[in-house]
Amino acid sequence: MPAEEWLNAQHVDRYLDRADEFPRRTEGESVLLEHVPREVRRVLDLGTGDGRLLGLLRIDRPEMVGVGVDFSALMLKAALGRFAGEERIELVEHDLTEPLPLLGSFDAVVSSMAIHHLEHERKRSLYGEIFALLEPGGVFANFEHVASPTRRLHLAFFTAIAEPLENEDPSDRLLDVESQLAWLREHGFDDVDCYWKWLEMALLVGVQPCTARAQGIG
Ligand SMILES: C[S@@+](CC[C@H](N)C(=O)[O-])C[C@H]1O[C@@H](n2cnc3c(N)ncnc32)[C@H](O)[C@@H]1O
């Protein structure tokens, strides 16, 4: 079972209790929010957890329809609590190690601190699936835990977040920013860059080219 700590109530509760305290998190999230247009109609959140990102997005986008995917029944229960009675939010139980189910197309795909739990080859293929389900002009914004270039910087990150290294998630499969940006470009994303970074936290963004731009017309 991949990332099975997320099926453990203690692990999930500890994460959710401390989620707001994660250093610089709101800064990175606010840059993500800036890059998701206010007029988006459908947004997909991969590894949604308790629906944190969908909750932030819908503040300024009350008309959007959000789909949150996660494989942890505990997390989905927490998300159900957050979105109780909200018809515009759909929660889907799905393991991201498997190809995405049929969900329709989206104006934005977002993710926060989730995709790094997947093996590198699955990250790569998932980025391709995301490209395929984005509408032209649609944005992919991944607020992610990435690898440090050196062991010393990795230790410095854990010191900065006041977390002992032994608490590192056993399922973390951290990957450097450059490899992930290269994959996004290979899949055809436009405007690919790291839009924000602090130590091992990074916001990776790519845009599905509009047809006219892809054909060199625009
Ligand atoms: C660090 S939490 C982040 C949750 C939420 N996105 C947030 O920002 O608070 C990681 C999430 O990824 C989910 N996750 C990890 N591996 C997964 C997989 N293979 N398929 C689906 N979800 C997965 C976990 O269940 C958990 O909800």
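**Close-up views of a predicted model**

Leu199 sits in the loop that joins E6 and E7. The model is predicted.

**View 1. Leu199 and Asp191 have positive phi angles although neither is a glycine.** For Leu199, in the loop between E6 and E7, phi is near 50°. Leu199 has a relative accessible area of 34%, so it counts as partly exposed. Asp191 belongs to strand E6, which spans residues 190-198. Its phi is about 50°. With a relative accessible area of 41%, Asp191 is partly exposed.

**View 2. The ligand sits within a shell of 21 residues.** The closest are Tyr15, Arg25, Gly47, Asp70 and Ser112. Tyr15 places a polar side-chain atom 2.6 Å from a ligand oxygen. Asp70 also brings a polar side-chain atom to 2.6 Å from an oxygen atom of the ligand. At Gly47 the partner is a polar backbone atom, 2.7 Å from a nitrogen atom of the ligand. The ligand alone exposes 590 Å², and the protein buries 98% of that area. By residue type, the shell holds 9 nonpolar, 8 polar and 4 charged residues.

**View 3. Arg25 is among the residues closest to the ligand.** Arg25 lies in helix H2, residues 25-34. Its relative accessible area is 2%, under the 20% limit, so Arg25 is buried. Beyond its sequence neighbours within four places, Arg25 contacts Tyr15, Ala19, Arg52, Ser112, Met113 and Phe143. Two of these partners, Tyr15 and Ser112, are also listed among the residues closest to the ligand.

**View 4. The largest nonpolar core contains 29 residues.** Leu44, Leu46, Val69, Val109, Ile130, Phe140 and Phe189 have the most contacts inside this core. Strands that give two or more residues to this core are E1 (42-46), E2 (65-70), E4 (106-112), E5 (134-145) and E7 (201-207). Helices H5 (120-133) and H7 (177-187) do so too. H5 supplies the largest share, 5 residues. Another core, of 28 residues, lies apart from this one. Its members include Val43, Leu54, Leu57 and Ala108. In soluble globular proteins, nonpolar side chains tend to be buried together.

**View 5. Val69 is one of the residues with the most contacts inside the largest nonpolar core.** Leaving out residues up to four places away in sequence, Val69 touches Leu44, Asp45, Leu46, Gly47 and Thr48, among others. Val92, His94, Leu96 and Leu103 are also touched by Val69. Of these partners, Leu44 and Leu46 also appear among the core residues with the most contacts. Gly47 is listed among the residues closest to the ligand.

**View 6. Helix H3, residues 52-60, has buried residues covered by several elements.** The buried residues in H3 are Arg52, Leu53, Leu54, Gly55 and Leu57. Helices H2 and H4 (73-82) are part of their cover. Strands E1, E2, E3 (89-93) and E4 also contribute to it. Leu54 and Leu57 belong to the 28-residue core. Arg52 is in contact with Arg25.

**View 7. Arg122 contacts a backbone oxygen from its place in helix H5.** A polar atom of the Arg122 side chain lies 2.6 Å from the backbone oxygen of Leu96. Arg122 counts as buried because its relative accessibility is 11%, under the 20% limit. Outside its neighbours within four places in sequence, Arg122 is in contact with Leu96, Thr97, Glu98, Pro99, Leu100 and Glu129. Leu96 is also touched by Val69.

**View 8. Met201 is buried in strand E7.** Its relative accessible area is 1%. Setting aside residues up to four places away in sequence, Met201 touches Phe22, Met113, Phe143, Glu144, His145, Phe157 and Trp196. Met113 and Phe143 are also contacts of Arg25. How far apart in space are Met201 and His187? Their C-alpha atoms are 23 Å apart, with the two positions 14 residues apart in sequence numbering.

**View 9. Leu155 and Leu165 are 7.3 Å apart, C-alpha to C-alpha.** In sequence the two are 10 residues apart. Leu155 belongs to helix H6, residues 151-160. The relative accessible area of Leu155 is 36%, so this residue is partly exposed.

How values were computed:
Residues numbered from 1 in each chain as written. Predicted model: local features only at pLDDT ≥ 70, side-chain atom pairs only at ≥ 80, totals over all residues. Heavy atoms only, no water. Near = heavy atom within 4 Å. Polar contact = N/O pair within 3.5 Å; in protein donor to acceptor, adjacent residues only side chain to side chain. Areas by Shrake-Rupley, 256 points an atom, 1.4 Å probe, with all protein chains shown as cover. Nonpolar A, V, L, I, M, F, W, Y, C, P; charged D, E, K, R; others polar. Core = buried A, V, L, I, M, F, W, Y, C linked by side-chain atoms within 4.5 Å. Buried < 20%, exposed > 50% of the residue type's maximum accessible area, 1.4 Å probe, protein only. Helix = DSSP H or I, 4+ residues; strand = E, 2+ residues; numbered from the N terminus. Contact = heavy atoms within 4.5 Å.
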